Amino acid sequence: MLTRFTSPPAVTPPLNRRLVLLAYECLCTFEFGTAVEAFGRADEATGEPLYDMVVASVETGIFGAQGGIRLVVDGGLELLEGAGTIVIPGWRSIDAPPSPDLIDALQQAHANGTRIVSICAGSFVLAAAGLLDGKRATAHWNSTDALAQRYPKIQVMHGVIYVDEGSVITSSGGAAGVDLCLHLIRRDFGATVANRAARRMVTPTHREGGQAQYLAMPVTERHGKSLSPLLDRLRARLDKPLAIAQLAAESGMSRRTFLRRFQESTGTSPGEWMLNIRLQNACRLLESETLSIELVAEQSGFGSAETLRHHFRRRLGITPTEYRRQA
């Protein structure tokens, strides 16, 4: 079972909404664009931005970004002073040390109570500044070993998508940056606002921080051994109990081999996989006003409304009724 590596979300907006997005030579444009889309756009319900966002550059003047882009931004590292949140969207290389000026600025901001957030290789900048010592942290799955080897004082969490340590938050790469941004909005403004942002960005509303970054391997295509037909059958019978021995027999495997292959193919156990599928189905059904909570629970395989509420609270932090109201 995966562990959740996040703090309980707060619903009180931050007193200091000033958010500084860091830019640098050879800027990672995907991570940067993700943060701009999440934090720099206005909330659809109020028409007002959630944060007062500015962009600060490590270098002066015009500088380059990935993809042949040239940028000129709001200012330099002086903009980090007085920020409520600083976001480091990736870094040019895990082998490129941050400048002493950047390290000093981040250390001073952290000492003044500024929350600092990193996406992907941005964790290496925080590590170089000593801001992750004694804390849990993560990075892209292909660099967490390097992070652990170079900075043994950090409790590196391999494979998770983000880790919230309160004043310092780190995430893995790529789409995990979207999850981190939505987690931060949820923490600052609540689930309703975060769900609106997710719908605008056309992305799932919530993934747990401890969810795996990637699957160990795709569903195998070896003749007679693929789990794809079985997974399709399981999706069609969500209301049926899981019987491992029966599933193994259907797959032509021993119980031990089946469990190993299932983990390799899906990244989780049969029970966790089925729970995730049932929750996804319940969310889809709740977005319709035509079914009662009891019928949603029955059709998504939870059996009772109370069981459905239990899993919603544990995984999503809200009740099914609240989810329907926010959808």
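# A walk through the model

Start with the whole chain in cartoon view: the protein has 13 helices and 10 strands. Keep in mind that this is a predicted model. Colour by burial next, and 50% of the 327 residues come up as buried. Switch on the contacts with a separation of 6 or more, and 65% of them turn out to link residues 24 or more positions apart. If you draw the surface, its accessible area comes to about 15200 Å², with 53% belonging to carbon and sulfur atoms.

**Stop one: the sheet**

Select the strands β2, β1, β5, β6, β10 and β9, in that order: you're following an open sheet of six strands with mixed pairing. Which strands sit at the edges? They are β2 and β9 (162–164), and each of these pairs on one side only. Look along the sheet and you'll find neighbouring strands turned by 15° against each other on average, ignoring direction.

Now zoom in on β1 (residues 18–23) and β2, which run parallel and are joined by six bridges. For a landmark on this pair, click A23, which stands opposite S57 in β2.

**Stop two: helices on the sheet**

Bring α1 into view. This helix packs on the sheet, where it touches β1, β2, β5 (85–89) and β6 (115–119). Its direction makes about 165° with that of β1. Then add α5, which lies across β5, β6, β9 and β10 (168–171). Against β6, α5 runs at about 155°.

**Stop three: an aromatic cluster**

A search of the whole structure finds five aromatic pairs. To see one of them, show the side chains of F39 and Y51: this pair is edge-to-face, with 5.3 Å from centre to centre and 85° between the planes. F39 belongs to helix α1 (residues 29–39) and Y51 to the loop between α1 and β2 (52–57), so the pair ties together parts 12 residues apart in sequence.

Leave Y51 on screen and add F189. Y51 and F189 form an edge-to-face pair too, at 5.4 Å centre to centre and 80° between the planes. How many residues apart in sequence are the parts that this second pair ties together? The answer is 138, because Y51 is in the loop between α1 and β2 while F189 is in helix α5 (residues 176–189).

Put F39, Y51 and F189 in one selection, as they form one aromatic cluster. Are F39 and Y51 buried or exposed? Both are buried. Y51 has a relative accessibility of 3%, and F189, at 13%, counts as buried as well.

**Stop four: one side of α7**

Move on to helix α7 (residues 228–236) and pick out L230, L231 and L234, which are buried. Turn the view to look down the axis: these leucines cover an arc of only 100°, which puts them on the same side of α7. What covers the buried residues here? Show α8 (244–250), α9 (255–266) and α10 (270–286), which are included in that cover.

**Last stop: a loop residue**

Finish at T319, in the loop between α12 (305–316) and α13 (320–326). T319 counts as buried because its relative accessible area is 18%, and the cut-off for buried is under 20%. Select its partners before you go: leaving out residues up to four places away in sequence, T319 touches F312 and R313.

Key. Residues numbered from 1 in each chain as written. Predicted model: local features only at pLDDT ≥ 70, side-chain atom pairs only at ≥ 80, totals over all residues. Heavy atoms only, no water. Helix = DSSP H or I, 4+ residues; strand = E, 2+ residues; numbered from the N terminus. Buried < 20%, exposed > 50% of the residue type's maximum accessible area, 1.4 Å probe, protein only. Contact = heavy atoms within 4.5 Å. Areas by Shrake-Rupley, 256 points an atom, 1.4 Å probe, with all protein chains shown as cover. Arc of directions from axis to C-beta. Phe/Tyr/Trp six-rings, centres within 6.5 Å; stacked < 30°, edge-to-face > 60°. Pairing = 2+ DSSP bridges. Axes fitted to C-alpha atoms, helices over the stretch in contact; angles between N-to-C directions.
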